[in-house]
Amino acid sequence: MNIIDTLEQEGMKKDLPEIKIGDQVKVNVKVIEGTRERIQTYEGVVIAKKNGGIRETIVVRRVTFGVGVERTFPVHSPKIDSIQVVRHGKVRRAKLYYLKNRTGKAAKLKETN
């Protein structure tokens, strides 16, 4: 291994669950407001995963007050406190961008066992 690979291995988190496309996840993010720090929970469906290793990111989509909100999280960032998989969705695509055009029950994914 070269030096870059060694440094990347040190920065990666070890306690992450296996996250797949279509999973409903809860991402706990550390938010700093002035001198205080708190943890904010963001729950939604993983619609995309990019890269690998320490640069891995996930795009999580949720609908809030009728408006779709997407947020990209670097998985191994120190600002991410924890990630929990709530349920696994059954999908046949690598990117679920088609969910952006759907509303209501059409935007739901079937659950795998």
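This is a short talk on the nonpolar core of this model and on two buried residues, I47 and E8.

Hi everyone, and thanks for coming. Please keep in mind that the model on the screen is predicted.

Let's begin with the core. The largest nonpolar core has 20 residues, and those that touch the most other members are V25, V27, V46, I58, V60, F73 and I83. Where do the core residues come from? Two or more are given by each of strand 1 (24–33), strand 2 (36–50), strand 3 (57–64) and strand 5 (80–87). Strand 2 supplies the largest share, with 5 residues.

Now zoom in on F73, please. Setting aside neighbours within four places in sequence, F73 contacts V27, V29, Y42, E56, T57, I58, V60 and I80.

Next, find I47, which sits in strand 2. Is I47 buried or exposed? Its relative accessible area is 0%, so I47 is buried. Who surrounds it? Beyond the neighbours within four places in sequence, I47 is in contact with I21, V59, R61, E70, A94, K95, L96, Y97, L99 and K100. If you'd like a distance to try on your own screen, take I47 and V27: they are 20 residues apart along the chain, and their C-alpha atoms are separated by 14 Å.

Last stop: E8, in helix 1 (residues 3–11). Why does E8 count as buried? Its relative accessibility is 17%, and the cut-off for buried is under 20%, so E8 falls on the buried side. Not counting residues up to four places away in sequence, E8 touches I54 and R55.

That's my tour, and I'm happy to take questions.

How values were computed. Residues numbered from 1 in each chain as written. Predicted model: local features only at pLDDT ≥ 70, side-chain atom pairs only at ≥ 80, totals over all residues. Heavy atoms only, no water. Core = buried A, V, L, I, M, F, W, Y, C linked by side-chain atoms within 4.5 Å. Buried < 20%, exposed > 50% of the residue type's maximum accessible area, 1.4 Å probe, protein only. Helix = DSSP H or I, 4+ residues; strand = E, 2+ residues; numbered from the N terminus. Contact = heavy atoms within 4.5 Å.
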